[in-house]
Amino acid sequence: GTAPGQQLRALFYALPPAESSFRTLEEVPDYVEKSIPFFFTFIVLEFAVSWIQKRKLPGRINDGISSLSLGILSRLPDVLFRSIELISYIYVWNNYRLFELPWDSPWTWYLTLLGVDFAYYCFHRMSHEVNILWAAHQVHHSSEDYNLFTALRQSVVQKYTSWMFNLPMAFFIPPSVFAVHLQFNLLYQFWIHTEVITKLGPLEWILNTPSHHRVHHGRNPYCIDKNYGGTLIIWDRIFGTFEAEDAKVVYGLTHPVNSFDPIMIQLRPLAHIWNTFWATPGFCNKLSVIFKGPGWGPGKPRLGLPEEIPVITGKEVPFNPHVPAYLNFYALVHFAVIVNLYTELPASLTLLSQGTVLLRIGFIILSLVSFGLLMENKSKAGILEIIRCLVFLGFYKLGYFRSQFSFLDYAYEV
């Protein structure tokens, strides 16, 4: 296990080789799962600091619930089976490795840090430059707020394309070392999603920082397709994709999705590609719709024309349907119930039947969609919410949704 102090340092990639080298994969801690309490602590801190600095909160309830919903959704497949990133990596290591670097050498540790981060840079850049990969990655960019909730906003399908970029390391880097850095690289990227940290001096030269990453999340023309680094910003400086923060960044997509429904946010870009594919004449052009940039069209360069990026005036208004305060409160309370159901899932896997686990997952997805529609003030949201509550009560009475905290049982029924 890891002590809280170690876990905190893991968030900043500050666990040296001596503390984070393991002989076997089984010994590698689940740093990401153990970081969840820190995520929430930092989110509370960010709210406090933002209030002290600017007298305003760093986000909105609807956008925050939407980000957390997408985060939960993205982790649900991992509840059922081991991540494809590790499965594919272990397969190559077991069958095709050329030689074996020592798992306990600091050199192996630092080489893996660079390897995982470079693979991430390549994958991340491709995710912006290849339309079908962008359809998955745009989920992370779809928030018009920029705060620590945004860091948790992830795509369900993205990990099914990113795994290939790590495979070259499987020829010589032990899976136990790789598994540590895969997690550290992801965790490091959590704290850079904030506006409360301005510039970090000389660190800006080497590390990916909140300032650099704000640019990456901007839809201003100067921000598009810049600063792809995960932990290090050196790759962007080497390959010419670096841009320093300049004019006030306006966050989100150049063509906003305008939805809080987590399923809709995942599917709308795919629907757009599908429709464009059939509407575009010529076989080669059809292929280009899938494999060239999101801004591509017949007769245009691979990544589209920069002048077609919508102009940013600084007066952009985020998608923010008006809902009564009691509805926000209602959604928050019920969302807390769902977060509890979700966090209990890994612990209850061994205790529950496969059917019960699938029921819980299905119910979590139904709930997240229902909350999204409530936040959008959709006319059908009320009906869906009543059905959802009846489903909950039914399964609850049948004993499928009992909480590990008995005091919550009474609260759930209320």
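How many residue pairs are in polar contact between domain 1 and domain 2, counting pairs with both residues at pLDDT 80 or more? In this predicted model, the count comes out at 0. Salt bridges tell a similar story: the rule finds 0 of them across the interface of the two domains.

That leaves the question of what the interface is made of. The chain is assigned two domains, with domain 1 running over residues 4-239 and domain 2 over residues 325-404. Their centres, taken over C-alpha atoms, sit 28 Å apart. On the contact list, 12 residues of domain 1 meet 18 residues of domain 2. Interface size is often quoted as the accessible area lost when the parts come together. Here, domain 1 and domain 2 bury about 1,500 Å² between them, and 87% of that lies on carbon and sulfur atoms. Three residues stand out on the domain 1 side: Ile65, Ile72 and Val79 supply 38% of the area that domain 1 buries against domain 2, more than any other three residues. As for secondary structure, helix α4 (residues 61-80) gives the most to the side of domain 1 that touches domain 2, putting in 11 residues. Sorted by residue class, that side of domain 1 splits into 8 nonpolar, 2 polar and 2 charged residues.

Turning to the record, an unreviewed UniProt entry lists "transmembrane region" for residues 35-52, 325-345, 357-375 and 381-398. Two of these listed stretches can be set against the model. Residues 357-375 are 100% helix and 0% strand, with the end C-alpha atoms 27 Å apart. For residues 381-398, the figures are 94% helix and 0% strand, and the end C-alpha atoms are 26 Å apart.

A further local detail concerns Glu100, in the loop between α5 (84-96) and α6 (106-129). The side chain of Glu100 makes a polar contact of 3.2 Å with the side chain of Arg97. Leaving aside residues up to four places away in sequence, Glu100 touches Trp93 and Phe172. The loop residue also pairs up in space with a part of the chain well along the sequence: Glu100 and Phe171 are 71 residues apart in sequence, yet their C-alpha atoms are 7.9 Å apart.

Back at the interface, then, the picture is one of 0 salt bridges and 0 residue pairs in polar contact at the pLDDT cut-off of 80 or more, with 87% of the buried area on carbon and sulfur atoms.

Conventions. Residues are numbered from 1 along each chain as its sequence is written. This is a predicted model: local features need pLDDT of at least 70, side-chain atom pairs count only at pLDDT 80 or more; totals for chains, interfaces and linings use all residues. Side-chain values use heavy atoms; hydrogens and water are left out. Domain bounds come from an automatic or database domain assignment. Contact means heavy atoms within 4.5 Å. Buried area is the accessible area (1.4 Å probe) that two parts lose on being put together, summed over both. A salt bridge is a side-chain nitrogen of Lys or Arg within 4 Å of a carboxyl oxygen of Asp or Glu. A polar contact is a pair of N or O atoms within 3.5 Å; within protein, one must be able to donate a hydrogen and the other to accept it, and residues adjacent in sequence count only if both atoms are side-chain atoms. Helices (H or I, at least four residues) and strands (E, at least two) are DSSP runs, numbered from the N terminus. Ala, Val, Leu, Ile, Met, Phe, Trp, Tyr, Cys and Pro count as nonpolar, Asp, Glu, Lys and Arg as charged, and the others, Gly among them, as polar. UniProt positions are given in the numbering used here, feature names are shortened, and annotations may be inferred rather than shown by experiment.
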